Amino acid sequence: MIALAPSLPHGPHPETGHCQEALSCQESPSTDWQRRVAHAFSRAAPRYRELARAQAIMADMLLPHLPSSAQQVLDVGCGPGDLTRVLSHRYPQASLTGLDLSAAMLVEARRYTPAPFSERIQWLCGDAQQLPLEAGSQDLVVSNLAIQWCPDLKQTLQEIRRVTKAGGKAVINTLAPGTLQEIQQAWSPSAADGSTGDTGVLAFHLRQTHIEAAYAAGWAQVTVNQQRQRFFYPDLKDVMDSIKGVGAQVPRQGAHLTRRDIATARARYERLRQPEGLPVSYELLTLVLHA
Ligand SMILES: C[S@@+](CC[C@H](N)C(=O)[O-])C[C@H]1O[C@@H](n2cnc3c(N)ncnc32)[C@H](O)[C@@H]1O
């Protein structure tokens with residue numbers, strides 16, 4: 001999804017009192033980027049389900065692409081596990097793994113998974129680019145809005161391919177350029193008002209780049225659909241909550257937002273207002289990959 005430049009934590013989390021170490025996977029040889037991403041999502045974890053309306057709607061769009069049966073199912077970047085639980089209903093005989101970089105997301109996932117489903121789902125802290133799973137161990141891999149956070153697209157698709165059995169399938173939602181264009185417009189620096197810095201929106205890859213990366217990663221058959229999804233919010237605070245509350249950070253790393261910055265952004269965003277509210281656009285890519 002969105003915003004870049006998650007700021008590195010110092011000391012205990014202000015709300016949970018946990019230190020960074022408790023919020024990300026200790027086993028993974030994390031890069032600075034991964035630690036920042038894990039920390040940003042861990043801070044967001046307690047309120048994620050409440051604020052992730054757009055993410056939940058986009059997750060549902062994966063369902064028509066699922067195969068009729070599966071025994072070993074992996075959800076990459078599972079967050080608090082809503083999609084993993086849907087999959088456990090869909091495949092009542094399957095063993096499932098929900099994997100995420102953020103330990104706090106997995107705490108939420110466990111909290112919301114009652115028995116008997118909890119007996120069939122293992123929650124694993126790990127990195128999508130270095131999956132802690134055996135080659136050929138999964139017959140279905142699913143992922144909703146997580147792989148855009150991985151710096152190396154080809155390596156991520158290669159890892160997912162590695163753990164997928166021959167004849168297996170991956171169904172993945174990710175994002176393309178044009179996503180959050182309104183945020184970029186509202187927060188972009190302008191010579192007119194003298195503000196500086198970037199908007200903090202992730203650099204998304206084109207549909208064609210995903211197709212090429214998937215074939216280069218060893219997938220036998222690749223389909224990538226692109227569609228624009230727009231969501232509407234009553235005001236700028238709700239727009240920003242919908243983004244920050246699901247793990248993104250404030251735009252412009254290290255910059256302190258002044259009242260003037262916020263007033264400028266609000267005025268720019270108001271120009272985009274539709275009868276339904278303030279729009280937030282996502283260019284959704286759905287990858288259907290056959291091993
Ligand atoms: C926008 S949330 C989506 C969560 C969930 N799939 C959903 O549909 O609500 C993105 C998730 O990807 C996880 N994530 C980001 N980078 C990751 C990586 N390299 N490996 C595993 N998980 C990652 C984040 O911690 C976060 O929980």
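Student: Which residues come nearest the ligand?
Tutor: Phe-41, Gly-77, Gly-79, Asn-144 and Ala-146 come nearest, out of 28 residues around the ligand. Keep in mind that this is a predicted model.

Student: And which elements give two or more residues to that shell?
Tutor: Those are α1 (32–51), α2 (53–60), α3 (82–90) and β2 (95–100). The largest share comes from α1, with 4 residues.

Student: How does the shell split by class?
Tutor: There are 17 nonpolar, 8 polar and 3 charged residues around the ligand.

Student: Let's move to the core. Which residues touch the most other members of the largest nonpolar core?
Tutor: Phe-41, Val-73, Val-76, Val-141, Val-142, Leu-175 and Val-239 do, in a core of 73 residues. You've met Phe-41 already, as one of the residues that come nearest the ligand.

Student: Pick Val-76 for me. What is it in contact with, leaving aside neighbours within four places in sequence?
Tutor: Val-76 is in contact with Leu-99, Ala-128, Val-141, Ser-143, Ala-146 and Ile-160. Ala-146 is also among the residues that come nearest the ligand, and Val-141 is on the list of core residues that touch the most other members.

Student: Val-239 was on that core list too. Which residues are buried in its helix, α9?
Tutor: Helix α9 covers residues 236–244, and Val-239, Met-240, Ser-242 and Ile-243 are buried there.

Student: Why do they line one face of the helix?
Tutor: Looking down the axis of α9, the buried residues fall within an arc of 155°, so they line one face. As a general point, an α-helix has 3.6 residues a turn, so residues three or four places apart point the same way.

Student: What covers those buried residues of α9?
Tutor: The cover includes helices α1, α2, α7 (181–187) and α10 (259–270), along with strands β6 (221–233) and β7 (278–290).

Student: Nice, β7 then. How many bridges join it to β6?
Tutor: 13 bridges join β6 to β7, and the two strands run antiparallel. For a landmark, Val-222 has Leu-289 in β7 as its bridge partner.

Student: And how many bridges join β5 to β7?
Tutor: Strand β5 (residues 164–175) is joined to β7 by 7 bridges, and this pair runs antiparallel. Here Val-171 stands opposite Val-288 in β7.

Student: Zooming out, how many helices and strands are in the chain?
Tutor: The chain has 10 helices and 7 strands. Of its 291 residues, 44% are buried.

Student: What share of the contacts join residues at least 24 apart?
Tutor: Counting contacts between residues at least 6 apart in sequence, 78% join residues at least 24 apart.

Definitions and conventions:
Residues numbered from 1 in each chain as written. Predicted model: local features only at pLDDT ≥ 70, side-chain atom pairs only at ≥ 80, totals over all residues. Core = buried A, V, L, I, M, F, W, Y, C linked by C-beta atoms within 7 Å. Buried ≥ 20, exposed ≤ 12 C-beta atoms within 10 Å, placed from the backbone. Contact = placed C-beta atoms within 7 Å. Near = placed C-beta within 6 Å. Nonpolar A, V, L, I, M, F, W, Y, C, P; charged D, E, K, R; others polar. Arc of directions from axis to C-beta. Pairing = 2+ DSSP bridges.
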